[in-house]
Amino acid sequence: SKDTAMNPTTGSCHCGNVKFSVSTSLESGRRCNCSICKRKNAIMLAGDEGSFQLLEGADKLSKYQFGTHVAEHYFCSTCGIYTHHKPRSNPKIFRVNAGCLDGVDPFTLEAEFFDGANV
């Protein structure tokens with residue numbers, strides 16, 4: 001059986017300038033079809049409320065907002081990798097790019113579909 005929860009795990013962008021930790025479940029995977037997520041094409045994992053911590057790279061992190069300007073999408077300004085975002089559907093949490101987490105193979109994860117294009 002899969003682990004349903006993880007202790008805090010670390011992650012980073014491709015170049016390593018942005019580093020973070022988060023408590024998440026490998027079973028919280030989600031793919032979304034909104035205009036930005038379909039372009040990122042990443043499996044996102046939900047962080048437990050209050051568990052996301054930016055460890056390094058605040059000066060390298062860029063934020064992108066569009067539409068309602070509720071969601072906050074973050075990426076490394078050096079390598080361009082999307083690391084995490086604060087979702088419009090629940091701005092109390094962060095969702096992280098599963099591909100950025102240390103020791104996690106995103107190609108082995110299942111992900112529910114979220115119809116963000118029609119929300």
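**Strand pairing and the largest pocket**

In this predicted model, strands S2 and S5 pair in the antiparallel sense, with 3 bridges between them. Within this pairing, phenylalanine 20 stands opposite leucine 54 of S5. Strand S2, which comprises residues 19-22, also runs antiparallel to S1, to which 4 bridges join it. Serine 12 lies opposite lysine 19 of S2, and threonine 9 has valine 22 of S2 as its bridge partner. In the hairpin formed by S1 and S2, 6 residues lie between the strands. Glycine 16 of this hairpin adopts a positive phi near 85°.

Together these pairings give an open sheet of 3 strands in the order S1-S2-S5, with antiparallel pairing. Strand S1 (9-12) and strand S5 (53-56) are located at the edges and have a single partner strand each, so one side of each is left without a neighbour in the sheet. From one strand to the next, the twist averages 30°. In a regular strand, side chains alternate between the two faces of the sheet.

The largest pocket was examined separately from the sheet. The space in this pocket amounts to about 360 Å³. The pocket is lined by 23 residues, of which Cys32, Cys34, Ala71, His73 and Arg88 are the closest to its centre. Classified by residue type, the lining of the largest pocket consists of 12 nonpolar, 8 polar and 3 charged residues.

Definitions and conventions: Residues are numbered from 1 along each chain as its sequence is written. This is a predicted model: local features need pLDDT of at least 70, side-chain atom pairs count only at pLDDT 80 or more; totals for chains, interfaces and linings use all residues. Side-chain values use heavy atoms; hydrogens and water are left out. On a 1 Å grid over the protein atoms alone, a cavity is a set of points where a 1.4 Å probe fits but cannot get out, and a pocket is an open set with protein on both sides within 12 Å along at least five of seven lines; lining residues have an atom within 4 Å of a point. Grid points are joined across faces, edges and corners, and a volume is the space filled by probe spheres set on the points. Ala, Val, Leu, Ile, Met, Phe, Trp, Tyr, Cys and Pro count as nonpolar, Asp, Glu, Lys and Arg as charged, and the others, Gly among them, as polar. Two strands pair if DSSP finds at least two bridges between them. Helices (H or I, at least four residues) and strands (E, at least two) are DSSP runs, numbered from the N terminus. Axes are lines fitted to C-alpha atoms, for helices over the stretch in contact, and angles run from 0 to 180 degrees between N-to-C directions.
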